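Trainee: Please give me a close look at one part of this model: the charged pairs. Start wherever you like, then lead me outward from there.

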Amino acid sequence: FAILLGLAIWYLLFRQPLPLPGIPGETVMPTYSTSIYRPDRPMGVAVTADGSRIFAGETEGERIARFYDASGTELGLMQPPVSTGSEHVPVYLALDPVNGEVYVTDRPNGAIYIYDANGTYQRAFNPGVLLKGWQPLGITFDRDGNLYVTDISTQPQQILVFDRTGNVVQT
């Protein structure tokens, strides 16, 4: 107990990272840079490789995807097409590493909406007739731009891998 109390007092007095035993080199502690307060219950977050844009899906409140600059200033909203109705829940987001487009899953509508880096709607991802009724949830890309999507409409649930042309190449 005395050792822990001594370490706590030392930290409070000097506010320096505590040396960790057995780990060579200098210990670097993470630091706070900014906060984003606008989204209500954000689930999915995607960040550009250079950190200049942050995209977040809001699953409560307005239920919309928003994007921010690196300092947390909101730059805009990513509106789904009006033709799809008004009940949307943007859950997870992913950035296409090939062209920088932002993919946003909307599970209740069985859709993935695609936006450019400025939040402008481009198109819906079309998984083809074989996947009618699917419910995309988790989403990511690999380095080559293949799209991985979890589909929770089946039992057991599955992960689908799409190539650059939108064809399923693996389940």
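Mentor: Start with R66. R66 is buried, with a relative accessible area of 1%. Buried means under 20% relative accessible area, exposed means over 50%, and partly exposed lies in between (1.4 Å probe, protein chains only).

A word on the source. This is a predicted model, so local features need pLDDT of at least 70 and side-chain atom pairs count only at pLDDT 80 or more, while totals for chains, interfaces and linings use all residues. Residues are numbered from 1 along each chain as its sequence is written, and side-chain values use heavy atoms, with hydrogens and water left out.

Back to R66. The side chain of R66 meets that of E58 in a salt bridge, 2.8 Å from N to O. A salt bridge here is a side-chain nitrogen of Lys or Arg within 4 Å of a carboxyl oxygen of Asp or Glu. E58 is buried too, at 2% relative accessible area. R66 also forms a salt bridge with E62, at 2.9 Å from N to O. E62 is partly exposed, at 46%. So R66 has one buried partner, E58, and one partly exposed partner, E62. By the salt-bridge rule, the count comes to five.

Now take another of these pairs. R123 forms a salt bridge with E101, and their closest N and O atoms are 2.9 Å apart. R123 lies in strand β8, while E101 lies in the loop between β5 (90-95) and β6 (102-106), so the pair ties together parts that are 22 residues apart in sequence. R123 is partly exposed, with a relative accessible area of 36%. E101 is buried, at 11%. As for sharing, E58, E62, R66 and E74 are joined into one network by salt bridges with partners in common.

Stay with R123. Its side chain and that of E101 are also joined by a polar contact of 2.9 Å. A polar contact is a pair of N or O atoms within 3.5 Å; within protein, one must be able to donate a hydrogen and the other to accept it, and residues adjacent in sequence count only if both atoms are side-chain atoms. What else does R123 touch, not counting residues up to four places away in sequence? The list is E101, Y103, I112, Y113 and I114. Contact means heavy atoms within 4.5 Å. R123 and P81 are 42 residues apart in sequence, yet their C-alpha atoms are 8.6 Å apart in space.

Y103 takes us to the rings. Y103, F125, W134, F141 and F162 form one aromatic cluster. Rings of Phe, Tyr and Trp (its six-membered ring) pair if their centres lie within 6.5 Å; planes under 30 degrees apart count as stacked, over 60 as edge-to-face and the rest as tilted. By this rule there are eight aromatic pairs. One of them is W134 with F162, edge-to-face, 6.0 Å centre to centre and 70° between the planes. This pair links distant parts of the chain: W134 is in the loop between β8 (121-124) and β9 (136-141), F162 is in strand β11 (residues 158-162), and they are 28 residues apart.

Both rings in that pair are covered. W134 is buried, at 5%. F162 is buried, at 0%. Leaving aside neighbours within four places in sequence, W134 is in contact with G110, I112, F125, P127, V149, D151, S153, L160 and F162. I112 is on the contact list of R123 as well. The side chain of W134 also reaches the backbone oxygen of G110 at 3.2 Å. The C-alpha atoms of W134 and A111 are separated by 8.2 Å, with their positions 23 residues apart along the chain.

Now step back. The protein has one helix and twelve strands. Helices (H or I, at least four residues) and strands (E, at least two) are DSSP runs, numbered from the N terminus. Of the 171 residues, 33% are buried. Among contacts between residues at least 6 apart in sequence, 34% join residues at least 24 apart.

Finish on the helix. L13 is found in helix α1 (residues 2-14). L13 is exposed, with a relative accessible area of 63%.
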